[in-house]
Amino acid sequence: MLKLIARRILVAIPTLIILSMIIFGLQRMLPGDPIQTMMAEESDPQVIAFLREKYRLDDPVPVQYLAWVGNVLQGDFGRSLRTGLPVAEMILQKLPITVQLATMAMIMAMLIGIPAGILAAVRKNTVLDYIANAVALSGMSIPNFWLGIILIMVLAVSWKLLPASGYVPITQDFWLSVRTMLMPAFVLSTAVAAYLMRHTRSAMLGVLSSDYIRTARAKGLLSKTVILKHALGNALMPIVTLSTLLFGDLLAGAVLTEQIFVIPGFGKLIVDAVFTRDYAVVQGVVLFTAIGFIAMNILADVLYIVVNPRLRHPQ
Amino acid sequence: MTGTTTSQPLLSVEDFSLNFSGMEKANLIDGISFSVLPGQTLCLVGESGCGKSVTSLALMGLLASPPARVKCGRALFNGRDLFTLSERQRADLRGNEIAMIFQEPMTSLNPSLTVGHQIVEGIRRHNAVSSEDARARALEMLELVRIPAPEKRFDAYPHQMSGGMRQRAMIAMALANSPKLLIADEPTTALDVTIQAQILALVSRLQRETGTAMILITHDLSVVAEVADRVAVMYAGRIVETGSVEEIFSDPQHPYTLGLFGSVPSLGRRTGALATIEGSVPPLEKMPAGCRFATRCPFADQRCHREAPPRYEPTPGHQVTCWYAPLEDHVRAA
Ligand SMILES: Nc1ncnc2c1ncn2[C@@H]1O[C@H](COP(=O)(O)OP(=O)(O)OP(=O)(O)O)[C@@H](O)[C@H]1O
Ligand SMILES: [Mg+2]
């Protein structure tokens, strides 16, 4: 198992190198000059020259790249051009917020998607199945910003059930924090819930028609045992892996939702950084997200083995 | 073997017809009747696709309905009609009083549960016993089906066992609750030839020792000769002939039985090659209104195609459904 994890990490290294180059390269191709943005009003050429020197913006690009990578490896993602704060610190400060949002969204997506998928499979080609599929399709196609705005208008503004926006740290007031994030987490979860529903449904359908389900029924086991233990036990294996990957998607995809609900998370950090051409922050955030994504991939592979007895206990 | 004919049948299937939705023209299983006496073995034989598996699954209550639909008939098991029981009542019988072994040992066990657990689960479903007692019973069963090192195999996953071992485990599972009836649907077809005989001997020995009645579906006539008390010959969803194993082998009356068993050389003269039956089963919608075998039968005439043949009983318990029974008359006449 450890060997496998080590191998997967090794395989990930070239990916990371290429990725870091792309992140760095693309950044340099963005139109606009960061110093100009910074110096919106003031434009003393001397100050500009000093800053360009300080942030090594006039070095050849490969030199800039190597310097950047060297620092990153030491945990130094540089300093924000805008705030002057260390990027690593900014990231670590915002990360828990986005992780909380993504985790809540994932839990909701699983609580909605998996049971709906089971139900749709067990009641295949009935009204229930059609409804589940239709809802899933809308879950995938309704834009998050639209759903977010509607929910804010209905649940927060008209009915005053939930806070409209903002963020309360989980350490400060657990329930208020969860309540505040309920709506954004739901909005974020819809696409993943729909995806999980469809995959659970098709995995369940595949498993339900297999011979060992017939055997389980031949033993006289009751439907709920057959479905929840024998069928779901096997159908969930690929779903576990998929969920891990989807969690990576959620972390990366929280940007828009955070904007709608004014959550000061990772997404806000990156949007602000892009608009102000804060290179160091953008690079840091994107690289960090990419590493998180690759880590999720490795975790998915490991989990696949953990849940699969055929791989866990080879012949 | 045939001396027990006076006892009450354990299972008595009467005029049973079944269809799948979407094929309403002719019944897939069309008015079949047969019975199984306690402790006896009935072999169900017939060409591939004639409905042997569908019949056994219907008896087990394992066909999804819809699309499967029992059109008419009864299946009296210990006097209760299986087809009128509730799903819960049927589940209570399954794996308890009626058990089944399937053809595919490689895929018939749940890959994510240990073999031992899968046996224990069946025991505990039908008996209020502690998990230790269930485990002891499961180990006893694993020993009974001659699985080496049962303690170790108990915790093995199916993929860690060979096909033969898995089928032994399936047999252990099926017999764990001492069923009154065991349905074995080609239990050895998927196995290596060398193992087939062992598994069959095992099933047959256990079945006799425990006094379990058995419906054995097989394509192997030497197996039929060896283990059957009675034989039912199926063709295209109907039972064309049923009788004791001696009657079927030494005095076959239906042309299809003759063809299937490839015997009785005197017939060859009249008909050409009956031993290998020519042609194929017509699709359900093209099935003749009369005898379903008419399209391939060397004796068939207009009447056979048009009108359903009567049931003829040369001796009590030996029944054949054919216009030309008794066959001897016609063979001699020619
Ligand atoms: N769910 C289903 N829907 C429609 N038709 C079916 C279904 N299951 C089986 N059949 C049809 O019923 C017929 C009988 O199938 P069955 O499996 O009982 O044959 P069999 O006698 O067991 O053959 P074999 O010797 O190959 O096992 C086949 O023509 C098959 O196509
Ligand atoms: Mg079959």
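In the predicted model, residues 174–196 of chain A are 100% helix and 0% strand, and the C-alpha atoms at the two ends of this span lie 28 Å apart. The span is one of those that UniProt, in an unreviewed entry, gives as "transmembrane region" in chain A; the others are 9–30, 97–122, 134–162 and 281–307. For residues 134–162 of chain A, the helix content is 79% and the strand content 0%, with the end C-alpha atoms 27 Å apart.

Chain A as a whole contains 13 helices and zero strands. Read from the N terminus, its elements therefore run α-α-α-α-α-α-α-α-α-α-α-α-α, each symbol standing for a helix in the DSSP sense. The C-alpha trace of chain A spans about 85 × 60 × 35 Å along its principal axes. Of the 315 residues in chain A, 41% are buried. A further annotation from an unreviewed UniProt entry, "domain: ABC transmembrane type-1", covers residues 95–304 of chain A. This span is 83% helix and 0% strand, and its end C-alpha atoms are 27 Å apart.

Helix 8 of chain A, residues 174–208, packs against helix 10 of chain A at an angle of about 155°, and the two axes are 8 Å apart. Helix 8 of chain A is therefore roughly antiparallel to helix 10 of chain A, since angles over 145 degrees are counted in that class. The crossing of helix 8 of chain A with helix 10 of chain A is right-handed. Sorted by class, the residues in this contact comprise 19 nonpolar, seven polar and no charged ones. After helix 10 (223–260) of chain A comes a loop that leads to helix 11 (266–275), and A:V262 lies in this loop. The phi of A:V262 is positive, at about 50°, although the residue is not a glycine.

In general, most residues other than glycine have a negative phi, and most peptide bonds are trans. Chain B also holds exceptions. B:R146 is not a glycine, yet has a positive phi of about 60°. B:R146 is placed in the loop between helix 4 (131–144) and helix 5 (150–154) of chain B. With a relative accessible area of 53%, B:R146 is exposed, because the class begins over 50%. Elsewhere in chain B, the peptide bond from B:S65 to B:P66 is cis, with omega near 0°. The peptide bond from B:P66 to B:P67 is also cis, with omega near 10°. The loop that holds B:P66 runs between helix 1 (52–60) and strand 4 (68–77) of chain B, and B:P67 likewise lies in the loop between helix 1 and strand 4.

Strand 4 of chain B belongs to an open sheet of four strands, which has the order 2-1-4-5 and antiparallel pairing. The edges of this sheet are strand 2 (29–36) and strand 5 (80–81) of chain B, each of which pairs on one side only. Strand 4 and strand 5 of chain B run antiparallel and are joined by two bridges. Opposite B:F77 stands B:R80, which is in strand 5 of chain B.

Strands of a sheet pair through backbone hydrogen bonds, in either a parallel or an antiparallel sense. The parallel sense is found at strand 8 of chain B, residues 213–217. Strand 3 (residues 41–45) of chain B pairs with strand 8 of chain B in this sense over four bridges, and B:T41 has B:M214 of strand 8 as its bridge partner. Strand 7 (residues 181–185) of chain B also runs parallel to strand 8 of chain B, and five bridges join the two. The bridge partner of B:I183 in strand 8 of chain B is B:I215.

Strand 8 of chain B is mostly covered, with five of its five residues buried. In a regular strand the side chains alternate between the two faces of the sheet. In strand 8 of chain B, B:A213, B:I215 and B:I217 are on one side and B:M214 and B:L216 on the other; all are buried, and both faces are covered.

For chain B, an unreviewed UniProt entry places the feature "domain: ABC transporter" at residues 11–261. Over this span the chain is 39% helix and 25% strand, and the end C-alpha atoms are 26 Å apart.

Technical notes. Residues are numbered from 1 along each chain as its sequence is written. Chains are lettered from A and ligands numbered from 1 in the order in which they are written. This is a predicted model: local features need pLDDT of at least 70, side-chain atom pairs count only at pLDDT 80 or more; totals for chains, interfaces and linings use all residues. Side-chain values use heavy atoms; hydrogens and water are left out. UniProt positions are given in the numbering used here, feature names are shortened, and annotations may be inferred rather than shown by experiment. Buried means under 20% relative accessible area, exposed over 50%, partly exposed in between (1.4 Å probe, protein chains only). Axes are lines fitted to C-alpha atoms, for helices over the stretch in contact, and angles run from 0 to 180 degrees between N-to-C directions. Angles under 35 degrees count as roughly parallel, over 145 as roughly antiparallel, 65 to 115 as roughly perpendicular and the rest as oblique. A crossing is left-handed if the near helix is turned anticlockwise from the far one by less than a right angle, and right-handed if clockwise. Ala, Val, Leu, Ile, Met, Phe, Trp, Tyr, Cys and Pro count as nonpolar, Asp, Glu, Lys and Arg as charged, and the others, Gly among them, as polar. Two strands pair if DSSP finds at least two bridges between them.
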